[in-house]
Amino acid sequence: MSRIVYVNGNYVPEAEATVSVFDRGFVMADAIYEVTAVIDGKMLEFDGHMARMQRSLDELNIAYKVDYDDMLAIHREMITRNNLVTGGIYIQISRGNPGDRDFIFPEGDAISPTIVLFTQEKPDPRLDESKLTGWHIMTMEDLRWHRRDIKTVQLLWPSIAKTAAIRAGFDDTWMIENGTITEGTSNNAYIIKDNVIITRQLSHDILHGITRASLLRYAHDRQMKIEERPFTVDEVKSADEAFITSASTYVKPVVSIDGVNIGSGKVGKHALQLRQIYIEESLKAAI
Ligand code: PMP
C-alpha cells in the first residue's frame, strides 16, 4: 500500500513526493528529525518530541518555530490518511534549499525549511510480552560527531554500526568512547546491578532520549534506585540485566554483549517490568 507523505504543507502519495537535490538535508545532512510512537492510533510522548525538535532546530539556528497545534494537527492527519494503528511518525526538518550547493548557509529567514513527514507501521508491542526476547549486542568505537544531543540526520556511523551488528548475527551495537558506553545506534543504554539502574548522564555525548526521561521518572516514582554515570563493557558483562530505550523499541531487554551473557542470558525481570510500566504509563498519557 502506498503511503501518503507530507511535504511542505501538502499530503501526497509517496511516489509523487519531491524535494530539491540542493536541499541541505540531502547534500549536507543539515536537518533534524523526530520519531513519535503510535499505539491504537494515539501518539506517545508527543509533547516531549516537539520540545526536543525545537531544541535541535535552535541549536543549529534553523529558523523555524514549532507551532504545537499545527504540528499536532499534521501528525493526526498523517495517522488518519495512512490508517496508522501501531507504528511511528517520522518528521524531518531541513534548513531547506539555498539554490545551490554551498558550505556557507544563508541566515535564518533567507531560506525556508523543508518539512517532511511519513508513517511506518509496526507490530503492537503489547502482543509479544510473553514471547519477548532480548537483544544480543556487540560493541564498536563511537565515531560520531560530538553534538549527539542534537537529533540530526547525520546517521552514517550509527547506520554502519547497526548494519555491522546485523551482518555479524547481533541485534545492535553499543558504541564506546574513552572506555565507556555512550549509547546504542538508535537507543539509550542501561544496566542493572544489585537493583540499581545505571545509565549514562545527559551531556553532548548522547541523545537525550524522550523514552529515557519518562522511564527514569516512572522508575523513580516506584522507589527504584538510579545512578546516572558512564559504565564500561566489563560492568555490562558482570551486570544482572541490561536494556535499551527508544521511541521505536520502548524498553527492550539486552541479554548479551560481545558474546558474553548478561546475568542469566535471558530477559531480566526488571527489564520486563520496566517495559510493562513504560507502555502502560505512556499509553495513559497518549494523545
Ligand atoms: N540515542 C540515539 C542515538 C537515538 O537515535 C535514539 C532514538 N532516536 C535514542 C537514543 C532514543 O531516543 P528516544 O527515546 O527519544 O526515541
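Let's start with the company the ligand keeps: its shell splits into 9 polar, 4 charged and 4 nonpolar residues. Keep in mind that this is a predicted model. In total, 17 residues surround the ligand, and the closest are Lys151, Glu183, Ile210, Thr211 and Ala247.

Three of these closest residues, Glu183, Ile210 and Thr211, also turn up in the polar contacts below.

| Residue | Atom on the protein side | Atom on the ligand | Distance |
|---|---|---|---|
| Glu183 | polar side-chain atom | nitrogen | 2.6 Å |
| Ile210 | polar backbone atom | oxygen | 2.8 Å |
| Thr211 | polar side-chain atom | oxygen | 2.6 Å |

So much for single contacts; how much of the ligand's accessible area does the protein cover? On its own the ligand has 390 Å² of it, and the protein covers 93% of that.

As for where the ligand sits, the space it takes is the largest pocket. Which elements give two or more residues to the shell? They are helix 2 (46-59), helix 5 (210-221) and strand 13 (241-246). Ile210 and Thr211, both in the table for their contacts with ligand oxygen atoms, fall within the 210-221 range of helix 5.

Zooming out to the domains, both pitch in: domain 1 (4-122) and domain 2 (127-284) each supply at least three residues to the shell around the ligand.

Conventions. Residues are numbered from 1 along each chain as its sequence is written. This is a predicted model: local features need pLDDT of at least 70, side-chain atom pairs count only at pLDDT 80 or more; totals for chains, interfaces and linings use all residues. Side-chain values use heavy atoms; hydrogens and water are left out. A residue is near a molecule or strand if one of its heavy atoms lies within 4 Å of it. A polar contact is a pair of N or O atoms within 3.5 Å; within protein, one must be able to donate a hydrogen and the other to accept it, and residues adjacent in sequence count only if both atoms are side-chain atoms. Accessible areas come from the Shrake-Rupley method with a 1.4 Å probe; for residues, only the protein chains shown count as cover. On a 1 Å grid over the protein atoms alone, a cavity is a set of points where a 1.4 Å probe fits but cannot get out, and a pocket is an open set with protein on both sides within 12 Å along at least five of seven lines; lining residues have an atom within 4 Å of a point. A molecule sits in a cavity or pocket if more than half of its atoms lie within 2 Å of its grid points. Helices (H or I, at least four residues) and strands (E, at least two) are DSSP runs, numbered from the N terminus. Ala, Val, Leu, Ile, Met, Phe, Trp, Tyr, Cys and Pro count as nonpolar, Asp, Glu, Lys and Arg as charged, and the others, Gly among them, as polar. Domain bounds come from an automatic or database domain assignment.
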